[in-house]
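Q: Hi! Could you walk me through the aromatic side chains in this one?

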Amino acid sequence: SYSVTGVQTCALPIWSSKNELLVFTSLRHSISRRYYKGGSPISNQPIKRSFYNYQNFSITYGLLNRLSVHSEIGYFYNKVQDVEIAGDDIQIRSHGLGDLAVNLRYIPIKTVSPTSLLLISGGIKIPIGEFNEEMSGVTIPISLQPSSGAIKYNASVFYSIKPSGAKLGWNSLAMFETSKTIEKGYLVYTYGNYFQYALACAWLPVRELSFTLNVKFEWRDRDKRENNIKVVSTGSHIIYLNPQFTYVFAGEWSILAMADFPFYKHVNGEQLTNMYSFQIGLRKNIVF
């Protein structure tokens with residue numbers, strides 16, 4: 001799927017025909033290491049390194065030929081930050097269950113010649129995972145909690161087209177996500193709105209194999225604290241190069257691999273930024 005709990009990716013969205021079930025799992029590794037101020041790297045680095053390993057599980061079931069329901073959840077095997085405090089190197093760690101996402105996906109347009117598809121989707125993320133992780137009796141930062149801690153709503157539009165008999169096709173994805181305010185004891189916090197747009201070229205040399213090259217733009221607004229105070233070092237504009245690979249075998253199985261490489265970054269304040277991420281997954285198609 002194109003989004004996972006607490007993590008945004010840009011795999012193509014998944015849908016199912018009536019009585020068709022798609023089961024998908026993937027492992028994602030991401031690492032962040034360089035601080036930016038605006039659009040330039042800086043040497044001030046209180047956090048030396050941050051990384052996570054995340055397992056995603058999702059199912060998509062076709063209620064009707066053009067209407068399907070998609071749900072997913074994930075587990076962080078680890079979320080780690082290597083921090084230098086007063087000259088000492090400290091590693092902050094957490095792990096646990098993330099958020100639960102549920103979406104309805106509808107196909108208003110689907111043609112055979114040319115092969116085209118318009119998919120619209122809307123849904124919710126529910127913070128059922130851990131959001132009170134502690135280390136040595138101290139609550140760890142929000143960015144390291146396995147769950148986002150907030151209910152989020154999202155909507156997206158996906159369109160793809162490939163001329164009949166051609167091996168090249170095009171697709172695009174636009175997605176918007178907004179968050180409710182977290183109010184837990186002393187904590188009042190609202191994540192900034194998130195927008196993603198991706199434009200991709202897909203090459204299908206044979207029926208079982210496809211390569212997709214995405215250029216993905218991400219915009220994040222600033223987060224807010226109590227009294228609508230904006231958090232200075234939050235919010236960004238980032239452009240990624242996102243290659244994807246899919247191989248279908250045995251008729252009903254698929255292997256998927258993809259990576260994110262940011263080549264343009266502009267952040268508000270000073271922020272630790274992502275170096276790269278890599279994801280590999282396995283999908284099974286079951287028809288009842």
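A: Happy to; what follows is a chat about ring pairs and charges over rings in this predicted model.

Q: Great, how many aromatic pairs are there?
A: The count comes to ten aromatic pairs. One of them joins Phe211 and Phe245, a tilted pair at 5.5 Å centre to centre with 45° between the planes.

Q: And where do Phe211 and Phe245 lie?
A: Phe211 is in strand β16 (residues 209-220), while Phe245 is in strand β17 (residues 236-249), so the pair ties together parts that are 34 residues apart in sequence.

Q: What relative accessibility does Phe211 have, and how does it count?
A: Phe211 has 31% relative accessibility and so counts as partly exposed, as the buried class ends at 20% and the exposed class starts over 50%. Its partner Phe245, at 28%, is also partly exposed.

Q: What about Tyr247 and Phe249, stacked or tilted?
A: Tyr247 and Phe249 are stacked, with 6.2 Å centre to centre and 15° between the planes. The angle is under 30 degrees, so the pair falls in the stacked class. Tyr247 is partly exposed at a relative accessible area of 36%, and Phe249 is partly exposed at 28%.

Q: Which residues do ring pairs link into a cluster?
A: That would be Tyr52, Tyr54 and Phe76, which ring pairs link into a cluster.

Q: Switching to charges: which ring does the charged end of Lys152 sit over?
A: The charged end of Lys152 sits over the ring of Tyr191, 4.6 Å from its centre.

Q: And Lys216, which ring is under its charged end?
A: For Lys216 the ring is that of Tyr240, with the charged end 4.6 Å from the ring centre.

Notes. Residues are numbered from 1 along each chain as its sequence is written. This is a predicted model: local features need pLDDT of at least 70, side-chain atom pairs count only at pLDDT 80 or more; totals for chains, interfaces and linings use all residues. Side-chain values use heavy atoms; hydrogens and water are left out. Rings of Phe, Tyr and Trp (its six-membered ring) pair if their centres lie within 6.5 Å; planes under 30 degrees apart count as stacked, over 60 as edge-to-face and the rest as tilted. Helices (H or I, at least four residues) and strands (E, at least two) are DSSP runs, numbered from the N terminus. Buried means under 20% relative accessible area, exposed over 50%, partly exposed in between (1.4 Å probe, protein chains only). A charge sits over a ring if NZ of Lys or CZ of Arg is within 6 Å of the ring centre and within 35 degrees of the ring normal.
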